[in-house]
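Visitor: I have a structure to read and little practice. Can you take me through it, feature by feature?

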Amino acid sequence: MIRRVIGALSLLLTSMGSMMGAEYNVKDFGAVGDGRHIDTPAVNAALQRAADEGGGTVVLPSGVYLCYSVHLQSGVTLRLERGAVLKAAPVTETEGYDAAEPNESNYQDFGHSHWHNSLLWGENLHDVVIEGEGMIDGSDVLTRGGQRPTASGQTQANKALAMRECRQVIIRGVTFHACGHFALLLTGVDDLLIEHVTADTNRDGFDIDCCERVVIRHCRVNTINDDAIVLKCSYALGRPKPTEHVLIEDCEVSGFDVGSLLDGTRTTNSLRAPDGDGPTGRIKLGTESNGGFRHITIRRCTFTHCRGLALETVDGAALEDIDVSELTMNDICNSPIYIRLGDRMRGPKELPPSTVRNIRIRDVFVHDADSRYACLIAGIEGHPVRDVSIKNLSVVFRGGITLDDVAQQRGSNPFFFKPANASQPQRGEKNYPEPSAHGLQPAWGFSIIHAENISLSNVDLVTQTHDERPWLYQESTSRVKMKKVKALNADAD
């Protein structure tokens, strides 16, 4: 069913994106494009004129357009031509960004709960296109903060592009650089196509929250300090809404230093994200997880110098019917595969417990993976992860962990729940879900806890350096089936 839905969506949006209409050059509305003058009034006037006249394309020719909040419009394409940069303007004593609109944020952080305090934003729109070979640049301006006005009383923006409750949206070809908390925060945006987009940013790349019928393809997202492509289903809309019928294909995610994907150097000088673990830059479902994840396909993607695939539900969402295939990973700093059902339950009390079932992962090839946390599948007591099939998996782990390492790490870390003894993994079901929250695992290959009907088939696991732990740990599991599983631990010195 997802193939038919995604195919029809792709054709619809591609057709929509080819509709030209009249063109409106922002320089005809007074834009200068010299990187010194504030061009917000001209850009917004061109967008409004296009909307008033029934739609069309607003064009930014080559130049640097210094702007505060730009207001997207229904039926209007915003095209950044080659050499065009829409640049976030610094806040001054007299000018700043639109204030964050009132919205309940008890169940998710401030950044997920507001859209107006952005460089570009739109709400309750339809038929919106952002395209071209230009750049949206938030460097030195956009921040993860922004919840309070500055000392001058002006509002600071904390994301590049934010849209709420919109439909039929295309984002194509453009580049995002250093975009604060989010390059893209798209909440309740249905019938969405993101293709050939590059983001090299300092926090989240693409946050796709409570969205249905989504295609993300041929994108490159580099985010050392947070997730690259992340699906969520938060309570930011004031109601549970699922993220479902999503296709992510032919994308690259990474955790190189900020800006080094764009300049081609791909440097790795920064080795840790703000949470103290290695570079983030991955594809993830979660953490915000109220409305449900269903019918998600991830295929033909590469992960480099970052964390592995993470499928998480901890706030009452059903995570089900997930199909993952043909992933290539290299230089992975935590679990290559992390499947987590937790009990954080940040949401209204009436939400049911989280569930995980029907996950299919196949044809995944991983080289140079940190083996501290192994491939980790973890439910909680009374709520196991169910029905996971992993087929054709090859992982080369770094190895080198001793049993003393495991015991010492657990004994010295006060943040996590402590196990009864060093041979058992830490629980932490109410903690933020992350492989590191479980502590060093008692196995180097797979750790499976509170799970049932798990199938491992044609799996090859190797360590580069001898690891004192066994390759497999199981606890509170049933119907774990293995066929053609090989685990080769390097010889001890």
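Guide: Start with a definition. Helices and strands are DSSP runs, numbered from the N terminus. One such run is strand β21, residues 283–289, and T287 is found in it. Keep in mind that this is a predicted model.

Visitor: How many helices and strands does the chain have?

Guide: The chain comes to three helices and 30 strands.

Visitor: What is the peptide bond from G286 to T287, cis or trans?

Guide: Look at omega. The bond from G286 to T287 is cis, with omega near 15°. T287 itself belongs to strand β21.

Visitor: Next, overall shape. What radius of gyration does the chain have, and what would a compact globule have?

Guide: Compare the chain with a rule for globules. With 493 residues, a compact globule would have a radius of gyration near 23 Å. The chain has 23 Å, so the two agree. Along its principal axes, the C-alpha trace spans about 70 × 45 × 45 Å.

Visitor: How do I read contacts along the chain?

Guide: Ask how far apart the partners are in sequence. Take contacts between residues at least 6 apart. Of these, 73% join residues at least 24 apart.

Visitor: And the surface?

Guide: Two values help here. The accessible surface is about 18100 Å², and 48% of this belongs to carbon and sulfur atoms. Of the 493 residues, 60% count as buried.

Visitor: What does buried mean in numbers?

Guide: Buried means under 20% relative accessible area, exposed means over 50%, and partly exposed lies in between. Try it on E320, in strand β24 (residues 318–332). E320 has a relative accessible area of 14%, so it is buried. Now take E53, in the loop between α2 (40–52) and β3 (56–60). E53 has 49%, so it is partly exposed.

Visitor: Which residues does E320 touch?

Guide: Skip residues up to four places away in sequence. Then E320 touches F293, R294, H295, R357 and N358.

Visitor: How does distance in sequence relate to distance in space?

Guide: Check both values for each pair. E53 and K483 are 430 residues apart in sequence and 64 Å apart in space, C-alpha to C-alpha. E320 and N124 are 196 residues apart in sequence, with 29 Å between their C-alpha atoms. For V189 and V169, the values are 20 residues and 7.6 Å, C-alpha to C-alpha.

Visitor: Where is V189, and is it buried or exposed?

Guide: V189 is found in strand β13, residues 182–195. Its relative accessibility is 0%, so V189 counts as buried. Leaving out residues up to four places away in sequence, V189 touches M163, C166, V169, C210, C211, E212 and V214.

Visitor: What about F182?

Guide: F182 is in strand β13 too. F182 is buried, with a relative accessible area of 0%. Beyond four places in sequence, its contacts are G111, H112, N158, K159, A160, D204, G205 and D207. F182 and V128 are 54 residues apart in sequence and 19 Å apart in space, C-alpha to C-alpha.

Visitor: C166 came up among the contacts of V189. How many disulfides does the structure hold?

Guide: Disulfides need a pair of cysteine sulfur atoms within 2.5 Å. The structure holds zero disulfides. C166 is in none, and the nearest cysteine sulfur, that of C211, is 9.6 Å away. C67 is in none either; the nearest cysteine sulfur, that of C179, is 14 Å away. C166 counts as buried at 3% relative accessibility. C67 is buried, with a relative accessible area of 0%.

Visitor: Which sign does phi have in D363 and N392?

Guide: Read the angle, then locate the residue. D363 has phi near 55°, a positive value in a residue other than glycine. D363 is in strand β26, residues 355–369. At 24% relative accessibility, D363 counts as partly exposed. N392 has phi near 60°, again a positive value in a residue other than glycine. N392 lies in strand β28, residues 385–399. At 21%, N392 counts as partly exposed.

Visitor: Last one. How do I read charge?

Guide: Count each sign, then compare the centres of the two sets. The chain has 50 positive and 64 negative side chains. The centres of the two sets lie 5 Å apart.

Note on methods
Residues numbered from 1 in each chain as written. Predicted model: local features only at pLDDT ≥ 70, side-chain atom pairs only at ≥ 80, totals over all residues. Heavy atoms only, no water. Buried < 20%, exposed > 50% of the residue type's maximum accessible area, 1.4 Å probe, protein only. Helix = DSSP H or I, 4+ residues; strand = E, 2+ residues; numbered from the N terminus. Rg over C-alpha atoms; globule rule 2.2 N^0.38 Å. Contact = heavy atoms within 4.5 Å. Areas by Shrake-Rupley, 256 points an atom, 1.4 Å probe, with all protein chains shown as cover. Lys, Arg positive; Asp, Glu negative; His and termini not counted. Charge placed at Lys NZ, Arg CZ, Asp CG, Glu CD.
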